Amino acid sequence: IPPGVDTELFHPDIIEKKKKEARNKILAADDELVIVFVGSAFKRKGLDRLIPAISKGMRLLVVGSGESLRPYKRKIKQYGTDLQVQFVGRADDVRKYLAAADVVALPSRSEAFGISILEGMACGLPVIVSENSGVAALINHEENGFLMKNPEELSGFLEQLFSRSRRKKMGEHARETAENFSWQKTAEAHEKFYRQVLSQKR
């Protein structure tokens, strides 16, 4: 049973109300594609895979801390995207960055689940995840997000998301998926599971 998400706290309406202010704070243009990466284990979560996929017209917000930034800043300089990648550190409320986002990406090398992806989906955002991550079980490729088999696919997925209509449609499907994993529905699923286990022991 996947973890649940607070679908009232992470809601498209709340995000939409904060969008203009959130994008103004990071100086993102209306036509810029803002990608949010959430996590502290940068290497395991694949930040080094995401940086090379950032191209013209894109902005990457890295939410989280914990590892040395030096190798990642070197990589950013190597690709000439110094002005397009921002390390914002830990966030007390990740929604202020999700409000600025057009997509949430987590190209992990390994990931038991990936709650930040479910939170992004609850906010009505399309997502990009590794095929081998736990949260991949919730993704219908090209419907509510993209499933990445190898890092070379990242840039192509991001390019497709420049389309507002594509983002909107995928985001709506993502929200529908997330609603099936609200805290209430997850609690009900656990209760049902425990009842089944207890009935088998009798």
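This report describes the sheet, a helix pair, an aromatic cluster and two single residues of a predicted model.

**The sheet**

Six strands form an open sheet in the order β3-β2-β1-β4-β5-β6, and their pairing is parallel. Strands β3 and β6 are the edges, each pairing on one side only. On average, neighbouring strands are turned by 20° against each other, direction ignored. Strands of a sheet pair through backbone hydrogen bonds, either parallel or antiparallel.

At one edge, β2 (residues 58-63) pairs with β3 in the parallel sense over 4 bridges. Here V63 stands opposite G89 of β3. At the other edge, strand β5 (residues 127-130) and β6 are also parallel, over 4 bridges. The bridge partner of V129 in β6 is L147.

In a regular strand the side chains alternate between the two faces of the sheet. Strand β6 (residues 145-148) can be read in that way: G145 and L147 point one way, F146 and M148 the other way. All of these residues are buried.

**The aromatic pairs**

The structure holds 4 aromatic pairs. One of them joins F42 and F87, whose rings are tilted, with 6.3 Å from centre to centre and 50° between the planes. This pair links distant parts of the chain, 45 residues apart: F42 is in the loop between β1 (33-38) and α2 (47-50), and F87 is in strand β3 (residues 85-89). Ring pairs also tie F37, F42, Y72 and F87 into a cluster.

The two partners differ in burial class. F42 counts as buried because its relative accessible area is 0%, below the limit of 20%. F87 has 22% relative accessibility and so counts as partly exposed.

**A helix pair**

Two packed helices are described by the angle between their axes and the distance between the axes. For helix α5 (residues 115-122) and helix α7 (residues 164-179), the angle is about 115° and the axes are 7 Å apart. Their crossing is left-handed. From α5, the residues L118, M121 and A122 make the contact, and from α7 the residues A174, R175, T177 and A178. Sorted by class, this contact has 5 nonpolar, 1 polar and 1 charged residues.

**Two buried residues**

The table gives the relative accessibility of T7 and Q84, together with the two rings discussed above.

| Residue | Relative accessibility | Class |
|---|---|---|
| T7 | 10% | buried |
| Q84 | 17% | buried |
| F42 | 0% | buried |
| F87 | 22% | partly exposed |

T7 belongs to the segment before α1 (12-25). Not counting residues up to four places away in sequence, T7 touches R175, A178, E179 and S182. Among these, R175 and A178 also belong to the contact of α7 with α5. The C-alpha atoms of T7 and F181 are 8.3 Å apart in space, although the two residues are 174 residues apart in sequence.

Q84 lies in the loop between α3 (70-79) and β3. Which residues does Q84 contact, leaving aside its neighbours within four places in sequence? They are I54, S55, K56, G57, M58, R59 and L60. Of this list, M58, R59 and L60 fall within β2 (residues 58-63), the strand that pairs with β3. With a relative accessible area of 17%, Q84 is under the 20% limit and therefore buried.

Definitions and conventions:
Residues are numbered from 1 along each chain as its sequence is written. This is a predicted model: local features need pLDDT of at least 70, side-chain atom pairs count only at pLDDT 80 or more; totals for chains, interfaces and linings use all residues. Side-chain values use heavy atoms; hydrogens and water are left out. Rings of Phe, Tyr and Trp (its six-membered ring) pair if their centres lie within 6.5 Å; planes under 30 degrees apart count as stacked, over 60 as edge-to-face and the rest as tilted. Helices (H or I, at least four residues) and strands (E, at least two) are DSSP runs, numbered from the N terminus. Buried means under 20% relative accessible area, exposed over 50%, partly exposed in between (1.4 Å probe, protein chains only). Two strands pair if DSSP finds at least two bridges between them. Axes are lines fitted to C-alpha atoms, for helices over the stretch in contact, and angles run from 0 to 180 degrees between N-to-C directions. A crossing is left-handed if the near helix is turned anticlockwise from the far one by less than a right angle, and right-handed if clockwise. Contact means heavy atoms within 4.5 Å. Ala, Val, Leu, Ile, Met, Phe, Trp, Tyr, Cys and Pro count as nonpolar, Asp, Glu, Lys and Arg as charged, and the others, Gly among them, as polar.
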